[in-house]
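Trainee: May we go through this structure together, by question and answer?

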Amino acid sequence: MTTATRTVRIASRKSQLALVQTHWVQGELAKLYPEITFEVDTMSTQGDNILDVALAKIGDKGLFTKELEVSMLRRDSDLAVHSLKDLPTHLPEGLMLGAITEREDPADALVVHASFQQYQLATLPEGTIVGTSSLRRLAQLRHHYPHLEFKDIRGNLNTRLAKLDSGEFDAIVLAVAGLKRLGFGDRIHEVLPPEVSLHAVGQGALGIECRTEDPEILQLIKGLEHPPTAYRCLAERSFLRELEGGCQVPIGVNTTLTGDNLTLTGMVASLDGQRLLRDSVTGSATKAEDLGIQLADRLKAQGAGEILAEIFAEARP
Ligand SMILES: NCc1[nH]cc(CCC(=O)O)c1CC(=O)O
């Protein structure tokens with residue numbers, strides 16, 4: 001008497017953070033569906049291979065997701081786990097965002113060199129060298145702290161922390177979520193409040209992508225969905241989609257959910273931080289995507305379209 005066990009294959013990037021996240025999803029799925037075997041297939045993406053070019057210069061059209069998507073469309077794998085903020089708002093035909101998991105703290109964090117322990121972001125002296133690879137963080141920090149000096153930093157979390165500790169930077173800004181997931185929570189010197197840094201769309205949450213025509217897999221992964229996180233992230237993603245921005249534009253958000261009341265705050269800034277538009281909308285969580293569109297329309301009416309057009313013109317000569 002043999003029972004053929006069903007095997008479901010999960011596609012993942014190879015980075016340490018991706019593997020921690022994918023193994024968490026694998027473990028949760030295995031708990032929910034003990035009769036199924038969940039296997040992880042790792043692959044490199046374009047974004048993992050291009051390390052010497054500033055992320056902002058190489059665009060964002062699925063840099064960290066494409067290879068995983070091809071694998072699903074070929075049926076080599078059945079689902080893919082992404083940091084939701086790396087998942088474009090437009091997905092390839094035949095694929096969908098099947099589930100959004102419970103969010104870690106979505107805020108940004110300041111991590112400092114040992115010789116800067118006595119400072120907070122607001123007291124860093126003139127000329128302090130701050131590393132960030134994100135235009136969103138750059139524009140907001142320049143806006144609030146124009147006396148600081150900003151330098152691009154690339155590489156995975158370990159590499160970035162090593163560059164900080166070696167003295168190449170005085171401070172760096174990273175996502176709280178990534179630091180905590182990799183066990184570097186004790187390196188967080190200060191969590192940046194939303195007044196200073198609105199986080200990236202989807203930051204801190206995982207997005208699980210699957211084939212549109214695969215209701216069985218969709219139903220499995222829906223078991224990991226965290227509805228409050230999903231409402232918030234759907235509003236954030238709708239805002240970004242309506243602004244036609246990718247992950248490498250100075251667009252930031254914050255969401256709060258109290259009962260059914262969803263508040264979405266968003267901002268669009270110029271790269272020099274001189275112009276920074278910010279507004280909020282509130283409504284029912286069941287209308288999350290409408291809220292994103294409403295907020296995008298409000299910011300467009302204040303000139304967001306012009307700011308973004310300038311940035312795109314600079315990025316694609
Ligand atoms: N841009 C890279 C990236 N993609 C996901 C995370 C971790 C945070 C998250 O899950 O949102 C990070 C690192 C960072 O922004 O510091």
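The dialogue below treats salt bridges, a helix pair and the sheets in turn.

Mentor: This is a predicted model, in which local features need pLDDT of at least 70 and side-chain atom pairs count only at pLDDT 80 or more, while totals for chains, interfaces and linings use all residues. Residues are numbered from 1 along each chain as its sequence is written, and side-chain values use heavy atoms, with hydrogens and water left out.

Trainee: How many salt bridges does the structure hold?

Mentor: A salt bridge is a side-chain nitrogen of Lys or Arg within 4 Å of a carboxyl oxygen of Asp or Glu. By that criterion, the number of salt bridges in the structure is 13.

Trainee: Which residue meets Asp86 in a salt bridge, and is Asp86 buried or exposed?

Mentor: Buried means under 20% relative accessible area, exposed over 50%, and partly exposed in between (1.4 Å probe, protein chains only). The side chain of Asp86 lies 3.8 Å, N to O, from that of Arg13. This pair links distant parts of the chain, 73 residues apart, with Asp86 in the loop between β3 (79-83) and β4 (95-100) and Arg13 in strand β1 (residues 6-13); helices (H or I, at least four residues) and strands (E, at least two) are DSSP runs, numbered from the N terminus. Since Asp86 has 19% relative accessibility, it counts as buried, and at 15% so does its partner, Arg13.

Trainee: Where in the chain do Arg275 and Glu310 lie?

Mentor: Their side chains form a salt bridge of 2.7 Å, N to O. The two residues are 35 residues apart and link distant parts of the chain: Arg275 is in the loop between β12 (261-269) and β13 (276-284), and Glu310 is in helix α10 (residues 304-315).

Trainee: Which residues are joined into one network by salt bridges that share partners?

Mentor: Here the salt bridges have partners in common, and this links them into one network. The residues of that network are Asp78, Arg211 and Asp214.

Trainee: At what angle do helix α8 and helix α9 pack?

Mentor: Contact means heavy atoms within 4.5 Å, and the residues that meet include Tyr231, Leu234 and Phe239 in α8 and Ile293, Leu295 and Leu299 in α9. The residues of this contact divide into 9 nonpolar, 2 polar and 5 charged (Ala, Val, Leu, Ile, Met, Phe, Trp, Tyr, Cys and Pro count as nonpolar, Asp, Glu, Lys and Arg as charged, and the others, Gly among them, as polar). Axes are lines fitted to C-alpha atoms, for helices over the stretch in contact, and angles run from 0 to 180 degrees between N-to-C directions. The axes of α8 (residues 227-242) and α9 (residues 288-301) are 7 Å apart, and the angle is about 35°.

Trainee: Why is β3 largely enclosed by the rest of the structure?

Mentor: On one side of β3 lie Leu79, Val81 and Ser83, and on the other Ala80 and His82, all buried. In a regular strand the side chains alternate between the two faces of the sheet. The strand β3 is therefore largely enclosed, the number of its buried residues being 5 of 5.

Trainee: With which strand does β3 pair in the antiparallel sense?

Mentor: Two strands pair if DSSP finds at least two bridges between them. With β1, β3 pairs in the parallel sense over 2 bridges, and Ile10 stands opposite Leu79. Ser83 of β3 stands opposite Leu206. The antiparallel pairing, over 5 bridges, is with strand β10 (residues 206-211).

Trainee: Which strands stand at the edges of the open sheet with the order β11-β12-β13?

Mentor: This sheet of 3 strands has antiparallel pairing. Each edge strand has a single partner strand, so one side of each is left without a neighbour in the sheet; these are β11 (251-258) and β13.

Trainee: Which helix lies across β11, β12 and β13 at about 50° to β12?

Mentor: Helix α4 (residues 135-144) also packs on this sheet, touching β11, β12 and β13, but its direction makes about 80° with that of β12. The helix running at about 50° to β12 is α10.

Trainee: What is the order of the strands in the open sheet of 5 strands?

Mentor: In this sheet, strand β5 (residues 108-112) and strand β8 (residues 171-175) run antiparallel, joined by 5 bridges, and Ala109 stands opposite Leu174. Helix α5 (residues 157-165) lies across β5 and β8, at about 160° to β8. The pairing is mixed, and the order is β7-β6-β8-β5-β9.
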